[in-house]
Amino acid sequence: MLGSFQTGFPDLYGWPSPILMIFLGCILLYLGIARKMEPLLLVPIGFGVVLTNLPLGGLMESVVAGRVVESFAVDGQPAGLISRIFYYGIAWEILPSLIFLGLGAMTDFSPLIANPKTLLLGAGAQFGVFFAFLIALLFGFSMNEAASIGIIGGADGPTTVYLTNRLAPGFIGATAVAAYTYMALVPIIQPPIIKLLTTKKERAIYMEPQLRSVSKTEEILFPVVATVIIILLVPKSAPLIGMFMFGNLLHVSGVTDRLADTAANALMNILTILLGLCIGCFMSAEGFLKVESLMVFVLGVVAFATATAFGLILAKLMNLVSKEKINPMIGAAGVSAVPMSARVVQKMGQEADPNNFLLMHAMGPNIAGVIGTATVAGIFLGMLG
Amino acid sequence: MGVDWSLAGQIGGIGFGLVFVVLTVLALAIWLVGLVLSKIGSGKGEPEIGNNGG
């Protein structure tokens, strides 16, 4: 009478145990809800982890050679609710690219346009990505895996998901969670590195709070000019850079307010839910509880810390050749955790000199970091993809 | 599995160099656009419409 009915309890035990992953999912939910750390990301991811590790739910089922398997299979056909969303949303590269559309619609490029040299600080911070790439190779990862680990240094979740999906799909859960976790931990990770590499006098370097005026024409020309230049030089960056700049054009053109509003709000929210759930559901016990996952987290923090340090060092080097001194802390905002990095710089700047308002100065490298990381993803794809 | 360190070095070196080149070219282009627009604006004697960078 019961047919093939069975509960999920017998499958909860053994190794690797789903119970550990359910516990990890609950920790992510706790961090998101109670600690308010990146709640828009950690809540869907955490719930997805819990959901996918409850046995026999079939959310990530795939059909491979006519047989149904419990986990997502790159070479199979999706058969579960989340595996379908994952397959058509992430494996087909739609969700990360469209998230860039929403990010573009939410981004104000005027601090960058007002002070274009801050783009160099965004480029400098990408050193961390390449440094971690080389370190990951030393630890025995393949080129594709090392690139996917290195990109965590950019602290940009959608770019990490996009690149890992293309180069090392088996690592997507670990790299995505590492990237989003380190984005959330920016206020904890960056201050000690900044303090280690700067004197109090350097942290107190005053910058005029007012940036120059940016005209509407400049704002409109920026996304068009940036699209043409970046995609001509790094063609494989087109999906991310193209969507990012298109979203921004909708925002600044002044004639597509409805589209910009949808991209920045409703669409962005839908995409965030889908992406977060998919990443969480990719973290099954057998796929995630591996030494490699731990290594990804360790190397990810190396990448992020090195990116912070090198952005800062580059700002100090720029001070050696520039008449107009910049506060070197704004170089640390060259990682693309927008706007958390810029806020950290603002807070530390005020601690050193309460009259110093560095937020808008730090937003320039911060936004440049987003462009830089997406460009680096295109470079990796061009060389390895 | 051995690592091809020559290729890895090329990816690291050329990759980092390329991202610098891309963003430097973009910075120059932005600066140039701003310069041209300010010249045109001052030629016409029109006030700039815009925000204060925020």
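Which residues make a nonpolar surface patch of about 560 Å²? In this predicted model, the patch is made by Leu28(B), Trp31(B), Leu32(B), Leu35(B), Val36(B) and Ile40(B). Let us take one of these residues as a way in. Val36(B) sits in helix α1 of chain B, which covers residues 5–44. With a relative accessible area of 43%, Val36(B) is partly exposed. That value fits its place in the patch, because patches are made of residues with over 30% relative accessible area and no salt bridge.

## Where the two chains meet

From the patch on chain B, we can turn to the contact between the chains. On the side of chain A, 49 residues take part, and they are in contact with 33 residues of chain B. Together the two chains bury about 3,200 Å², and 81% of this area lies on carbon and sulfur atoms. Salt bridges across this interface number 0. Residue pairs in polar contact between chain A and chain B, counted where both residues have pLDDT of 80 or more, also come to 0.

Which elements of chain A each supply at least two residues of the side that touches chain B? They are the helices α5 (110–114), α6 (118–124), α7 (127–138), α13, α18 (291–321) and α21 (359–384), along with the strand β4 (214–215). Of these, α13(A) gives the largest share, with 11 residues.

## Salt bridges

How many salt bridges are there over all chains? The count comes to 5. Three of them are set out here, each with its N to O distance.

| Acidic residue | Basic residue | Distance, N to O |
|---|---|---|
| Glu93(A) | Arg166(A) | 3.0 Å |
| Glu219(A) | Lys216(A) | 3.9 Å |
| Glu351(A) | Lys347(A) | 3.5 Å |

Begin with the salt bridge between Glu93(A) and Arg166(A). Glu93(A) lies in the loop between α3 (81–91) and α4 (94–106) of chain A, while Arg166(A) belongs to helix α9 (residues 157–167), so the pair ties together parts that are 73 residues apart in sequence. Arg166(A) is partly exposed, at a relative accessible area of 34%.

The other two pairs in the table each lie within one helix. Glu219(A) and Lys216(A) are both in helix α13 (residues 216–233) of chain A, 3 residues apart, which is about one turn of the helix. Glu219(A) is buried, with a relative accessible area of 9%, whereas Lys216(A) is partly exposed at 37%. Helix α13 is also the element met above, the one with the largest share of the side of chain A that touches chain B.

Glu351(A) and Lys347(A) both belong to helix α20 (residues 340–352) of chain A, and they stand 4 residues apart, again about one turn of the helix. Here Glu351(A) is partly exposed, with a relative accessible area of 47%, and Lys347(A) is exposed at 55%.

## A threonine in helix α9

Helix α9 of chain A, home to Arg166(A), also holds Thr160(A). Is Thr160(A) buried or exposed? Its relative accessibility is 0%, so Thr160(A) counts as buried. The side chain of Thr160(A) reaches the backbone oxygen of Asp156(A) at 2.8 Å.

What is Thr160(A) in contact with, leaving aside its neighbours within four places in sequence? The residues are Ser148(A), Ile151(A), Ile152(A), Thr175(A), Ala176(A) and Ala179(A).

Key
Residues numbered from 1 in each chain as written. Chains lettered and ligands numbered in written order. Predicted model: local features only at pLDDT ≥ 70, side-chain atom pairs only at ≥ 80, totals over all residues. Heavy atoms only, no water. Patch = residues over 30% accessible without salt bridge, like charges linked within 9 Å, V, L, I, M, F, W, Y side chains within 5 Å. Areas by Shrake-Rupley, 256 points an atom, 1.4 Å probe, with all protein chains shown as cover. Salt bridge = Lys/Arg side-chain N within 4 Å of Asp/Glu carboxyl O. Buried < 20%, exposed > 50% of the residue type's maximum accessible area, 1.4 Å probe, protein only. Polar contact = N/O pair within 3.5 Å; in protein donor to acceptor, adjacent residues only side chain to side chain. Contact = heavy atoms within 4.5 Å. Buried area = accessible area lost by both parts, 1.4 Å probe.
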